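Subject: Structure for you to look through

Dear colleague,

I am handing over the structure below, and after it I describe what was found. Please keep it open beside this message while you read.

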Amino acid sequence: MAIIGKDIKQAIEVLMACDVVGLPTETVYGLAGNAYSLEAITKIFTVKNRPTFDPLIVHTSSIERVQEFVKEIPEQAQLLAKHFMPGPLTLLLPKKEIISDLVTSGLGNVAVRIPNHPLALELLKNLDFPLAAPSANPFGYISPTSAYHVENQLGDKVKYILNGGECKVGIESSIIGFFDGEIVVLRKGGLAIEEIEAIVGKVRIEEHSSSNPKAPGMLKSHYAPRTRLLLIDDCLLAELNTERIGFLGFDKFDSNIPNENQLLLSPSCDLSEAAKNLFAYMRLLDARGFDKIYTNLLPEKGLGRAINDRIKRAATQE
Ligand code: TXA
Ligand code: MG
């Protein structure tokens with residue numbers, strides 16, 4: 001069983017032995033291993049049951065250390081890094097040889113992130129290698145936003161989970177690539193498009209799917225709870241036995257469903273609060289054993305766009 005604690009030294013010991021640890025970040029918890037070790041990387045894919053065509057993000061503690069494993073940082077990337085790193089932003093940058101093809105699934109770019117979490121930064125500063133880390137959930141399931149979520153799902157396969165409390169952002173980082181002079185958002189995430197565009201101007205948003213060669217792992221159906229999740233527009237609630245139905249709402253209860261079956265992401269309509277609660281509330285409702293969980297989309301602005309992206313993927317059954 002995994003040990004859950006705040007001891008950086010124990011985490012370092014496990015990582016030095018090319019094993020994996022649960023890593024707290026401000027977005028979601030990661031399943032981290034030495035990014036320069038094939039043994040550690042292989043272990044990450046195995047523990048997560050992740051196909052190797054889905055590349056990993058490499059985490060480090062400063063933009064100076066990024067130079068160790070990327071060939072160059074385009075000007076626009078530097079600008080974004082200056083404003084948002086550490087933070088919920090991942091940049092795709094041309095990799096040096098030291099990053100193996102296994103980390104990038106054979107792509108020429110490596111995904112780079114500096115997490116804004118004190119324990120993660122302290123750990124990274126004390127290591128002489130960066131950490132490859134996908135979200136610490138079994139492939140296709142909801143990302144973990146607390147050490148206990150990691151223990152729940154991967155506790156028998158991970159020796160140590162560094163406990164950094166509940167994730168403050170709650171959804172994964174925004175992923176940005178630079179292709180032929182164009183800035184492309186490949187995953188809407190914890191940094192709102194509006195914030196990105198305020199620094200670098202208009203960006204292109206590329207809806208990702210399994211057929212997108214730039215981000216092979218971004219499958220349409222993802223973040224799925226076990227209980228079927230449905231968008232409320234798809235159904236006629238009045239015809240259903242609502243005692244057996246759960247509801248994940250934004251700010252208002254649904255009058256068709258018993259209140260005790262419902263969770264509200266943010267009664268005060270705060271999109272940051274909704275993002276922070278999203279995955280944890282999906283888990284809570286999933287554990288109730290309802291026949292179905294209904295939900296609806298949030299306003300399509302700020303973090304609402306990334307939240308809606310997760311909700312739509314979770315509600316996709318293919
Ligand atoms: O917030 C986050 O980004 C969290 C924390 C732990 O840092 N990590 C995370 O990792 O969400 P993961 O593996 O669950 O999602 C990373 C996504 C993958 O779907 C993958 O397709 C994409 O990033 N990705 C990674 N490397 C890439 C690359 N070189 N080119 C394009 N996409 C890449
Ligand atoms: Mg993930």
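Before we come to a hairpin, it helps to know that two strands are said to pair if DSSP finds at least two bridges between them. Please also bear in mind that this is a predicted model.

Let us begin with strand E9, which covers residues 174-179. Six of its six residues are buried, so the strand is largely enclosed by the rest of the structure. Ser174, Ile176 and Phe178 point one way from E9, while Ile175, Gly177 and Phe179 point the other way, and the residues on both sides are all buried.

Which strands pair with E9? Strand E5, made of residues 89-94, pairs with E9 in the parallel sense over three bridges, and within this pairing leucine 91 has isoleucine 176 as its bridge partner. Strand E10, made of residues 182-187, runs antiparallel to E9 and is joined to it by five bridges, with arginine 187 of E10 as the bridge partner of isoleucine 175. E9 and E10 form a hairpin that has two residues between the strands, and in this hairpin aspartate 180 takes a positive phi near 50°.

Both partners of one bridge return in the largest nonpolar core, which has 46 residues, since Leu91 and Ile176 are, together with Leu80 and Leu93, the members that touch the most other members. Among the elements that give two or more residues to this core are E5, E9 and E10, as well as helix H2 (38-48), helix H4 (75-84) and helix H8 (193-200). Leaving aside residues up to four places away in sequence, leucine 93 touches a list of residues that includes Val66, Ile73, Ala77, Val110 and Phe178. Apart from this core lies another one, of 28 residues, and among them are Phe250, Leu265, Ala274 and Ala306.

Finally, please look at arginine 50, which lies in the loop between H2 and strand E4 (57-59). Is this arginine buried or exposed? Buried means under 20% relative accessible area, and arginine 50, at 12% relative accessibility, therefore counts as buried. Polar atoms of its side chain lie 3.1 Å from the backbone oxygen of aspartate 54 and 2.8 Å from the backbone oxygen of proline 55. Not counting residues up to four places away in sequence, arginine 50 touches Phe45, Pro55, Leu56, Pro134 and Phe139.

With best wishes

Methods. Residues are numbered from 1 along each chain as its sequence is written. Chains are lettered from A and ligands numbered from 1 in the order in which they are written. This is a predicted model: local features need pLDDT of at least 70, side-chain atom pairs count only at pLDDT 80 or more; totals for chains, interfaces and linings use all residues. Side-chain values use heavy atoms; hydrogens and water are left out. Buried means under 20% relative accessible area, exposed over 50%, partly exposed in between (1.4 Å probe, protein chains only). Helices (H or I, at least four residues) and strands (E, at least two) are DSSP runs, numbered from the N terminus. A nonpolar core is a set of buried Ala, Val, Leu, Ile, Met, Phe, Trp, Tyr and Cys residues joined through side-chain atoms within 4.5 Å. Contact means heavy atoms within 4.5 Å. A polar contact is a pair of N or O atoms within 3.5 Å; within protein, one must be able to donate a hydrogen and the other to accept it, and residues adjacent in sequence count only if both atoms are side-chain atoms.
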